[in-house]
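This report walks through one protein model, from its sheet to its loops and its empty spaces. Please keep the sequence and the 3D view at hand while reading.

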Amino acid sequence: MGTPTDELLHELTRTGVRPGDEVIVPSYGTPEAAEAVLLVGARPVFVDIDARTYCIDPAAVAEALTPRTAAVVAIHTFGHPADMAALTELGRRHGVLVIGHGAGCEPAGEILRRQANAAYLDGKLRGVLTPAVAPGVEHTYQQYVVRVPGNGRPDRDAFARTLRSRGVVCHVPVQTPAHRTARFRRDLWLVETERAADECLALPVDPTMSRRELQRVVSACNALGGLLQSAA
């Protein structure tokens, strides 16, 4: 079984992307899309994400299109699907291929349990911004990613350290956007990508978690008070 990069490389090659072409990819997430584009001889063009879904922003894609654009890679991020309807229509109008990637194939039971766990966290967490779900789509919560508002990365990292000290396993889902890594460095400022890299934190939502374990996550997060004033 191939790696995600291998699978995407095969798809780019199969659909006729050639050396010298441009392929639009998100910078936020794993670098596998950009890596596959390089391997086929094309040039990755990094664009910003939607602030709510963390998926590639169709408006940013529209602005980045050039006569050399051969394809757009739309990553389904953290289990939230990209806006394939808007992207496909954009691709149709401009004669550009749109490739969806990262949806995965998982047992329905595991997805349902994660969704139930996510719904519990959504209803109980205070002081963090819980994941948004676009209308009419299904979020499978491959990762349950919240935002820790406040002073960006220093506050998020302090929040994460405290959670870990209280036994909550959490991690930063994207440490460095691809366009700021040594391999793909570009002189870009992608506003929502930068904000997400500084504010996002993935909390546990595994399908095997018990209600007691979920309550521990909620108690640890809420005891910190968060950095966002309650609407109340």
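## Strands and how they pair

Two strands are said to pair if DSSP finds at least two bridges between them. By that rule strand β3, which covers residues 69-75, pairs with β4, since 5 bridges join them and the two run parallel. The model is a predicted one, and every statement below should be read with that in mind.

In general, the strands of a sheet pair through backbone hydrogen bonds, and they may do so either parallel or antiparallel. Along the pairing of β3 and β4, Val72 stands opposite Val98 in β4, and Ala74 stands opposite Gly100 in β4. Strand β3 also pairs with β1, to which it is joined by 3 bridges, again in the parallel sense. In that second pairing Glu22 stands opposite Thr69 in β3.

## The parallel sheet

What is the order of the 4 strands in the open sheet? They follow one another as β2-β1-β3-β4, and the pairing is parallel. Because β2 (43-47) and β4 (97-101) stand at the edges and each has a single partner strand, one side of each is left without a neighbour in the sheet. From one strand to the next, the twist averages 25 degrees.

Is strand β3 largely enclosed or largely open? Of its 7 residues 6 are buried, so β3 is largely enclosed by the rest of the structure. Helix α2, made of residues 32-39, lies across β1 (22-26), β2, β3 and β4, and this helix runs at about 155 degrees to β2.

## The antiparallel pair and helix α7

A separate pairing links strand β5 (residues 144-147) with strand β6 (residues 200-203), and these two pair in the antiparallel sense over 4 bridges. One example is Val145, whose bridge partner in β6 is Ala202. Both faces of β5 are covered, with Tyr144 and Val146 buried on one side and Val145 and Arg147 buried on the other.

Helix α7, which spans residues 191-199, also has buried residues, namely Thr193, Glu194, Ala196, Ala197 and Glu199. Which elements help to cover the buried residues of α7? The cover includes strands β2, β5 and β6, together with helix α6 (153-165).

## Two loop residues with positive phi

Most residues other than glycine have a negative phi, and most peptide bonds are trans. Against that background, Phe78 deserves a look, for its phi is near 65 degrees, a positive value in a residue other than glycine. Phe78 lies in the loop between β3 and α4 (84-94). Its relative accessibility is 8%, and because buried means under 20%, Phe78 counts as buried.

Tyr141 is another residue other than glycine with a positive phi, here near 55 degrees. Its place is in the loop between α5 (108-124) and β5. Is Tyr141 buried or exposed? With a relative accessible area of 7%, Tyr141 is buried.

## Empty space: a cavity and two pockets

Rolling a probe the size of a water molecule over the atoms shows where empty space is left. How many cavities of 30 Å³ or more does the count give? The count comes to 1 cavity, and about 50 Å³ of space lies in the largest cavity. Among the residues that line the largest cavity are Arg52, Tyr54, Phe78, His80, His139 and Val145, so that the buried loop residue Phe78 and the β5 residue Val145 reappear in this lining. By class, the lining has 5 nonpolar, 5 polar and 1 charged residues.

The largest pocket has a volume of about 350 Å³. Of the 18 residues that line this pocket, the closest to its centre are Thr30, Glu32, Ile75, His76 and Gln142. The lining of the largest pocket divides into 7 nonpolar, 9 polar and 2 charged residues.

In the second largest pocket there is about 160 Å³ of space. Its lining has 13 residues, of which His171, Leu203, Pro204, Val205 and Asp206 are the closest to its centre. Sorted by class, the lining of the second largest pocket has 8 nonpolar, 3 polar and 2 charged residues.

How values were computed:
Residues numbered from 1 in each chain as written. Predicted model: local features only at pLDDT ≥ 70, side-chain atom pairs only at ≥ 80, totals over all residues. Heavy atoms only, no water. Axes fitted to C-alpha atoms, helices over the stretch in contact; angles between N-to-C directions. Contact = heavy atoms within 4.5 Å. 1 Å grid on protein atoms, 1.4 Å probe; cavity = no way out; pocket = protein on both sides within 12 Å on 5 of 7 lines; lining within 4 Å. Points joined across faces, edges and corners; volume = space filled by probe spheres on them. Nonpolar A, V, L, I, M, F, W, Y, C, P; charged D, E, K, R; others polar. Buried < 20%, exposed > 50% of the residue type's maximum accessible area, 1.4 Å probe, protein only.
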